[in-house]
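The questions below ask why certain labels are applied to a structure. Each answer sets a value against its definition.

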Amino acid sequence: MRYAAIDVGSNAVRLLIANIIENNGSISFKKNTLVRVPVRLGDDAFLNKHISDKKADDLVKSMQAFRNLMDVFKVTDYMACATSAMREADNGQEVVARIKTEAGIDLQIVHGQNEAQIIYASHAEIDIDKDKNYLYIDVGGGSTELSLFSRGKLLASQSFNLGTIRILDNQDKEETWNEMKDFIREHTRQLKSIFGIGTGGNINKLYKLSNEKDNAPLTYVKLKSLYNYLDSFSMKERINVLGLNQDRADVIIPACEIYLTVLKCANIKSMYVPTVGMVDGIIQTLIEKNLGPRH
C-alpha cells in the first residue's frame with residue numbers, strides 16, 4: 001500500500017509518497033519519494049492577498065506532475081493540504097478549482113488549528129517521555145504553530161501569522177509577535193521545565209548544520225551561535241560558501257529568529273528536532289483514517 005501527502009506551503013510545495021508497512025498489527029510508513037518545488041506562493045499572498053496567474057500556473061503544473069507521480073507509483077490514497085498563503089489569498093478557492101479540473105487533485109485549504117493537529121500527528125513515532133512538558137514549534141513560510149503538551153495531554157494550541165516569507169516581505173506585525181509571546185507566557189507559567197520539539201524545513205536544515213549526533217537535542221545556545229554564524233554571511237555566500245539552496249538561504253534567518261524568540265520566551269534550554277514536517281503528519285492522518293488509531 002502506498003499513500004501520498006501533498007503540502008502546499010507558503011515557501012514550497014511538497015509531495016511525499018510513502019510505503020505503508022504492517023508488522024504484527026503495528027502500522028508504520030517508510031518514505032519512498034519526496035519532491036519539493038519552491039513555488040513561493042507567500043510572496044503573492046502576503047503582499048497582494050492574491051495569487052498571480054504566473055504563480056497559479058506554476059502551482060497547477062507542479063500538481064499535474066504530482067498527479068502523474070502518484071499514478072505511476074500506484075498510490076492508493078492521498079491527502080492534499082494548503083496552508084497560510086492559500087488561506088489569505090482572495091482567489092484561493094479559484095486556484096483550488098483549477099487544480100481539481102487541470103490536475104485532478106482535491107486540495108483542501110486547512111485552518112491554522114487543523115494545521116497544528118496534522119503537524120503534531122507526525123510525531124507519533126517519537127518516544128516521548130509522558131511525564132514531561134513539550135512545546136511543539138512548527139515554523140512555516142506564513143505561520144507558526146505552537147502546541148503545548150503536558151503529561152501526554154494537549155493543553156493549548158494556536159496558529160500565529162508569523163512566518164519566514166511574511167518576515168522577509170515585512171508583513172509581520174508587532175502585535176502578532178506580542179500575541180505569540182503572551183500565549184507562551186500564559187500557558188507555560190505553571191510548568192516547571194519544558195522541552196521544545198521543532199519541525200519544518202528550516203529547523204531540519206539547521207539541525208543538519210549543527211552536526212548534532214544521534215538525535216541529541218539542539219540547545220538554545222547552539223542555535224543562537226548558529227544564527228550568528230549564518231547571519232554573518234551574505235545571502236550569496238550562504239548559497240555559494242555554505243551550499244544552501246537559494247530558496248533556503250534567505251528564509252533560514254527569519255526562521256532562526258522565530259525559534260529563538262519562542263525558546264527564550266518559554267525558557268526552553270533545548271529542543272528535539274525529529275526532522276519531520278507537515279507531509280509526515282498527513283501520512284499519519286491517512287493511516288489513522290484508513291487503518292484506525294495506532295495500536
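**Labels and their grounds**

H5 and H13 are roughly perpendicular to each other, a term for angles of 65 to 115 degrees, with under 35 being roughly parallel, over 145 roughly antiparallel and the rest oblique. The model is predicted, with local features needing pLDDT of at least 70 and side-chain atom pairs pLDDT 80 or more, while totals for chains, interfaces and linings use all residues. Residues are numbered from 1 along each chain as its sequence is written, and side-chain values use heavy atoms, without hydrogens and water.

Q: What makes H5 and H13 roughly perpendicular?
A: Helix H5 (residues 112–121) packs against helix H13 (residues 278–291) at about 85°, with the axes 6 Å apart. Axes are lines fitted to C-alpha atoms, for helices over the stretch in contact, and the angle between N-to-C directions runs from 0 to 180 degrees. Helices are DSSP runs (H or I, at least four residues), numbered from the N terminus.

Q: Which residues of H5 and H13 meet?
A: Glu115, Ile118, Ile119 and Ala121 of H5 meet Met278, Gly281, Ile282, Gln284 and Thr285 of H13, contact being heavy atoms within 4.5 Å. By class, the contact of H5 with H13 has five nonpolar, three polar and one charged residues. Ala, Val, Leu, Ile, Met, Phe, Trp, Tyr, Cys and Pro count as nonpolar, Asp, Glu, Lys and Arg as charged, and the others, Gly among them, as polar.

Q: Why is H8 called roughly perpendicular to H12?
A: The axes of helix H8 (residues 201–210) and helix H12 (residues 252–265) come within 10 Å and cross at roughly 95°. That crossing therefore makes H8 roughly perpendicular to H12. Among the residues in the contact are Leu206 of H8 and Tyr259 of H12.

Q: What makes Asp57 and Arg98 a salt bridge?
A: The definition asks for a side-chain nitrogen of Lys or Arg within 4 Å of a carboxyl oxygen of Asp or Glu. The closest N and O atoms of Asp57 and Arg98 are 2.9 Å apart, so the pair qualifies. Asp57 lies in helix H2 (residues 53–72) and Arg98 in helix H4 (residues 92–103), 41 residues apart.

Q: How much area do domain 1 and domain 2 bury between them?
A: About 1100 Å² is buried between domain 1 and domain 2, 43% of it on carbon and sulfur atoms. Buried area is the accessible area (1.4 Å probe) that two parts lose on being put together, summed over both. The domain assignment, automatic or from a database, gives domain 1 as 2–112 + 282–291 and domain 2 as 128–272.

Note on methods: Helix = DSSP H or I, 4+ residues; strand = E, 2+ residues; numbered from the N terminus.
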